[in-house]
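Reader: I have a new model open and would love a friendly walk through it. Could you show it to me before we start?

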Amino acid sequence: MSPGRVAGGVRITASGWGWRHASRRAFAVRNIDLSVAPGERVLLLGPSGAGKSTLIQALAGVLGGDEEGDQRGELLVDGHRPASARGEAGLVLQDPDSQVVLARVGDDVAFACENLGVPRDEIWRRVPEALAAVGLELPLDHPTSSLSGGQKQRLALAGVVAMRPRLLLLDEPTANLDPDGVREVRDAVARVLDATGATLVVIEHRVAVWQAMVDRVVVLGADGGLAADGAPGVVLEREGERLAAAGVWVPGHPPRRPTRAPLSAGARIPLLTASGLAVGRTGFGRRVPTVVNSGIDLSVASGDAVAITGANGSGKSTLALTLAGLLTPVGGALVAEQALADGASTAPHRWRSRQLLPRIGMVFQDPEHQFLAPDVRAELAIGPRAAGLGAVAVTARVDELMAALHLEHLAAANPFTLSGGEKRRLSVATALATRPRILLLDEPTFGQDSRTWGQLVDLLAGLLDDGSAVLAVTHDTDFVDAVAERVLRLDTLPAGAIL
């Protein structure tokens, strides 16, 4: 520990606490009465939009001042307002991209320690230890711009681990990680807590991952207050059925699977073909792309449902962006078949945006990369309007999507003020709005409760039944089981294989 930093956790107290963002009419979270003892380990659950992320951002002191929102009640960390105790809290956000600060991995991990005044020699002893603890053993000068989404998630956690905070706040820290990464991150967190006695508040839809490690489960209600609070076994067993009905992921209460009516083999029309495809990106300071995967053979026809899985850093997102025509293939061939090209070039990366709209839709790993408009309704109208639909047709399509993905109550909200799960549903809806022949999604179920997960899966199943093709980069085994007919695994480089 650095001089002046004391081991042990903090006490959290909330009394009638609530918060409303300045651009939202309703409070994101309200009527929270809570007391967490120093060193206690809390798993924070609740349906999408219940205010989980808002609460832990408030505990970290990063919600902003009165000009950014309205606060009710009182929220204290060791008897002080959270903003005055920022150095005591380490926060890993839902979006790891937003926490990457510097160009090199080692510098990024060291950044928080430098701000806390940790001596230089101590910082550079902690940095490699923190990277090893989260399973990101890369050279310290490795460029952060070349990391995958899952690797950035580990990087953000490494920076917090190196801080050795008294309050550890984690917002879905394993959401974009492969199974080995999930275990590494959980075990790294356990080691930090054992060594420091820090207080933990973790938000996670994968309840089983953390259930044995936490002392307590706190569930936020959709309408405010606490829906449940107590020991994990007691809450999840006694209240399991009620919580599952409200959208909370509860072990032993699997999500409902959609009823499918798959297309017959004769009705499947070839759309896109990859042969010996190599994919890559140009990173910081490089003009020539680095190949991240190669030898990929894939055929996509109408009605196909393909899951793209594999270890973090194996090129899943890069492959999806290449298939979507947003990156140029590094090698091999990617050909749009006649039914998809429909008079355009057979090379998707040469298509203009108006040509892409009705052909291939892409949902990025980071939802915010897709938002352009000041409110949800306007955001959903951009694609259909650009595709040439009239005002009546645009309104009808927007209304249909908002209802299908439970976004109606957010029609006037700024997309950037939504919860992580709401942002994900909106990003999916923006891609669906133009009704593309192929839909590519990068981690489509991230941040979803079991209810909104089911709505999303039902919607994708309907698209498949109507003849669209769906390809999804995912670590969600429930999603793979419910939707995918084939799996493209990129675990073993350089070649991918259809199983």
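Reader: Which residues of α1 are buried?

Author: Happy to start there, and please keep in mind that this is a predicted model. Helix α1 covers residues 52-59 and is mostly covered. A residue counts as buried under 20% relative accessible area. The residues of α1 that meet this are Lys52, Ser53, Thr54, Leu55, Ile56, Ala58 and Leu59.

Reader: How many of the eight residues of helix α1 does that make?

Author: The helix runs over residues 52-59, and most of it is covered. Of its eight residues, the number that are buried is seven.

Reader: Which residue with a positive phi follows α1?

Author: Good one to look up in your viewer. After α1 comes a residue whose phi is positive, near 75 degrees. That residue is Gly61.

Reader: Let's turn to charged pairs. How many salt bridges does the structure hold?

Author: The pairs counted here bring a side-chain nitrogen of Lys or Arg within 4 Å of a carboxyl oxygen of Asp or Glu. In this structure, the number of salt bridges is 26.

Reader: How far apart along the helix are Arg125 and Glu129?

Author: These two side chains form a salt bridge, with the closest N and O atoms 3.0 Å apart. Arg125 is partly exposed at a relative accessible area of 37%, and Glu129 is partly exposed at 41%. Both sit in helix α3, residues 120-133, and because they are four residues apart there, their separation is about one helical turn.

Reader: And Arg183 with Asp180: what is the distance between the closest N and O atoms?

Author: Both belong to helix α5, which spans residues 179-196. They are three residues apart, so about one helical turn separates them. Arg183 is partly exposed, with 41% relative accessible area, and Asp180 is partly exposed too, with 47%. Their salt bridge has its closest N and O atoms at 2.4 Å.

Reader: Which residue meets Asp187 in a salt bridge?

Author: The N to O distance in this pair is 3.2 Å. Asp187 is partly exposed, with a relative accessible area of 32%, while its partner counts as partly exposed at 23%. That partner is Arg186.

Reader: Which residues do salt bridges that share partners join into one network?

Author: We have already met two members, Arg125 and Glu129, as a salt-bridged pair. Shared partners link them with further residues into one network. Its members are Glu122, Arg125, Arg126, Glu129 and Arg164.

How values were computed. Residues are numbered from 1 along each chain as its sequence is written. This is a predicted model: local features need pLDDT of at least 70, side-chain atom pairs count only at pLDDT 80 or more; totals for chains, interfaces and linings use all residues. Side-chain values use heavy atoms; hydrogens and water are left out. Buried means under 20% relative accessible area, exposed over 50%, partly exposed in between (1.4 Å probe, protein chains only). Helices (H or I, at least four residues) and strands (E, at least two) are DSSP runs, numbered from the N terminus.
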